[in-house]
Amino acid sequence: MADNLVALASGLSAVLLFLLLIGLTVYLLWKKRQGQRHYQQLISTNPTIPPCTAVLQTSHSSSYGLAEVPFFLPPSFKTSHAGENEGREEEEQWEKQPHLHTQRGSLTIGSWFPLGSLRPDLYRLPEEPSEWAEPGGSSMRLCFALQYCQEKEQLVVSLLRAANLPAHCQGNTTLVKLQLLPSEDRRHRQAKARCKGCQPQFNDSFVFQVSSISVDQSTLSMSVYSMDRLKKHHMVGRVLFPLRLSDLRVAVGKVLWRDLETESDLPLSKLGDIQVSLNFNQSLQRLTVVVLRARGLQCSSNAGVCVQVSMQTHTQVVKTKWTSVARGSEPIFNEKLTFRLHPRQLDTTCLTLELQQPATEEPSECQSTPSTTAPMSLGIVVIGPFMYARGRELEHWTEMISKSQELVKQWHGLGVANAIHNPT
């Protein structure tokens, strides 16, 4: 009897488990069917388009199915000169193909032109205005335009093109560095030519913030460089354009051409010029001065000349060094002098270079113990930050700081010494 009850209970349990599995299977199949039916309803429903995108709704009542993608070739346009005939031909072509207006997903500009097609007349370069015409001659020139907004105190410089650059610029990239002098800002703006060659085009604009009070005391410097394959910059020439508020009003809307000045074209000062290379190594805190040569000095051809280089911080002369004596009115020195300088002192330190003619011929080098008789000064130049220098001297100091990996070479005109420097 007990065995029969156990067998009956086991049978009932098996039947109940089987029924439970069947019920679970039916429920899962019904759930899957409901999900498929809901997905088909979502696909067949037309999406609603918000009002802000009404321009995209060109035609949603298209007869194309979900698996079909319409494809149309845009009409071909003739690249002829702009005129009324061209416009009429384009309109006729669009009227012959009205289906282009009802493409699904195409944007329309106006009422007839779809976005995505090309209009050759938009890409045709305009003819060069007569005022862009290059002046006669073969001189290297720079073409630019200026506009000064007195309300915003902004000077807009539009750099257009350069002309008649040397032959070595043919395969190199041309750069133009713009800077407003004098300025405490050491950074310069840079324009890169859009193509290589001796007639590069730039078509770049730059904005300088300058007050109306200081406009008349400012000068726009535009230096042209040729960059070779090794990324080394070679100076081709530069333009110094003095700013005058009255001239800027007249220059609005005009294209200006100015000749590039090279080192050999720069006029000599009355006392002569000196060529110097500078470098500042921030990690070593070392200022290097290379005195190269001088020209146009007011002295006899066999006179001995040396250069006294002094480093001054604020009003105190920190260190003074001399080069060896070279003879002639165009002496060549090629001597390197180094000074220790902390980077924080760059804005308060300057270099004073004075060409001197020793009173006696012996000793032959000024770097040895100087004579007790004061030497005769042939000229002096101060190179430093805005606190001490302006023009080319300030630009040389600024460029030295920005180019820490190379020696920056430049010519400087000599001036009259206002005081006698005592050797230290």
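Modeller: When residues are sorted by class, Asp, Glu, Lys and Arg count as charged, Ala, Val, Leu, Ile, Met, Phe, Trp, Tyr, Cys and Pro count as nonpolar, and the others, Gly among them, count as polar. On that basis, the lining of the largest cavity has two nonpolar, six polar and four charged residues. The model is a predicted one.

Colleague: What makes a space a cavity and not a pocket?

Modeller: In a cavity a 1.4 Å probe fits but cannot get out, whereas a pocket is an open set. With a cut-off of 30 Å³ or more, the count here is two cavities. The largest has a volume of about 110 Å³.

Colleague: Which residues are closest to the centre of the largest cavity, and which elements give two or more residues to its lining?

Modeller: Twelve residues line the largest cavity, and those closest to its centre are Lys177, Gln179, His188, Glu395 and Glu399. The elements with two or more lining residues are β5 (173–181), β8 (219–227) and α5 (391–402). Helix α5 gives the most, with four residues.

Colleague: Why are Lys177 and Glu395 called charged, and His188 polar?

Modeller: Lys and Glu are on the charged list, while His is on neither the charged nor the nonpolar list and therefore counts as polar.

Colleague: Glu395 also has a partner. What makes Arg238 and Glu395 a salt bridge?

Modeller: The rule asks for a side-chain nitrogen of Lys or Arg within 4 Å of a carboxyl oxygen of Asp or Glu. For Arg238 and Glu395 the N to O value is 2.2 Å, so the pair meets the rule. Arg238 lies in strand β9 (residues 233–242) and Glu395 in helix α5, so the bridge ties together parts that are 157 residues apart in sequence. Both Arg238 and Glu395 are buried, that is, under 20% relative accessible area.

Colleague: How many salt bridges are there in the whole structure, and what puts Asp273 and Arg295 among them?

Modeller: The search finds five. Asp273 and Arg295 have an N to O value of 3.5 Å, and because the limit is 4 Å, the pair counts. Asp273 belongs to strand β11 (residues 273–281) and Arg295 to strand β12 (residues 286–295), so this bridge joins parts 22 residues apart in sequence. Asp273 and Arg295 are both buried.

Colleague: Is Arg194, which bridges to Asp204, buried or exposed?

Modeller: Arg194 has a relative accessible area of 57%; the cut-off for exposed is over 50%, so Arg194 is exposed. Its closest N and O atoms with Asp204 are 3.3 Å apart. Arg194 is in the loop between β6 (189–192) and β7, and Asp204 is in strand β7 (residues 201–209), so the two parts tied together are ten residues apart in sequence.

Colleague: Why is Val15 allowed in the nonpolar surface patch?

Modeller: Patch members need over 30% relative accessible area. Val15 has 47%, so it passes, although it is called partly exposed. Val15 is in helix α1 (residues 2–44). With Leu16, Phe18, Leu19, Ile22 and Val26, Val15 makes a patch of about 590 Å².

Colleague: What sets Asn164 and His314 apart in the backbone?

Modeller: Neither is a glycine, but Asn164 has a positive phi of about 60 degrees and His314 has one near 60 degrees. Asn164 is in the loop between β4 (154–163) and β5. His314 is in the loop between β13 (304–313) and β14 (316–322). At 45% relative accessible area, His314 falls between the 20% and 50% limits and is therefore partly exposed.

Terms used:
Residues are numbered from 1 along each chain as its sequence is written. This is a predicted model: local features need pLDDT of at least 70, side-chain atom pairs count only at pLDDT 80 or more; totals for chains, interfaces and linings use all residues. Side-chain values use heavy atoms; hydrogens and water are left out. Patches are made of residues with over 30% relative accessible area and no salt bridge: like charges are joined within 9 Å, nonpolar side chains (Val, Leu, Ile, Met, Phe, Trp, Tyr) within 5 Å. Accessible areas come from the Shrake-Rupley method with a 1.4 Å probe; for residues, only the protein chains shown count as cover. Buried means under 20% relative accessible area, exposed over 50%, partly exposed in between (1.4 Å probe, protein chains only). On a 1 Å grid over the protein atoms alone, a cavity is a set of points where a 1.4 Å probe fits but cannot get out, and a pocket is an open set with protein on both sides within 12 Å along at least five of seven lines; lining residues have an atom within 4 Å of a point. Grid points are joined across faces, edges and corners, and a volume is the space filled by probe spheres set on the points.
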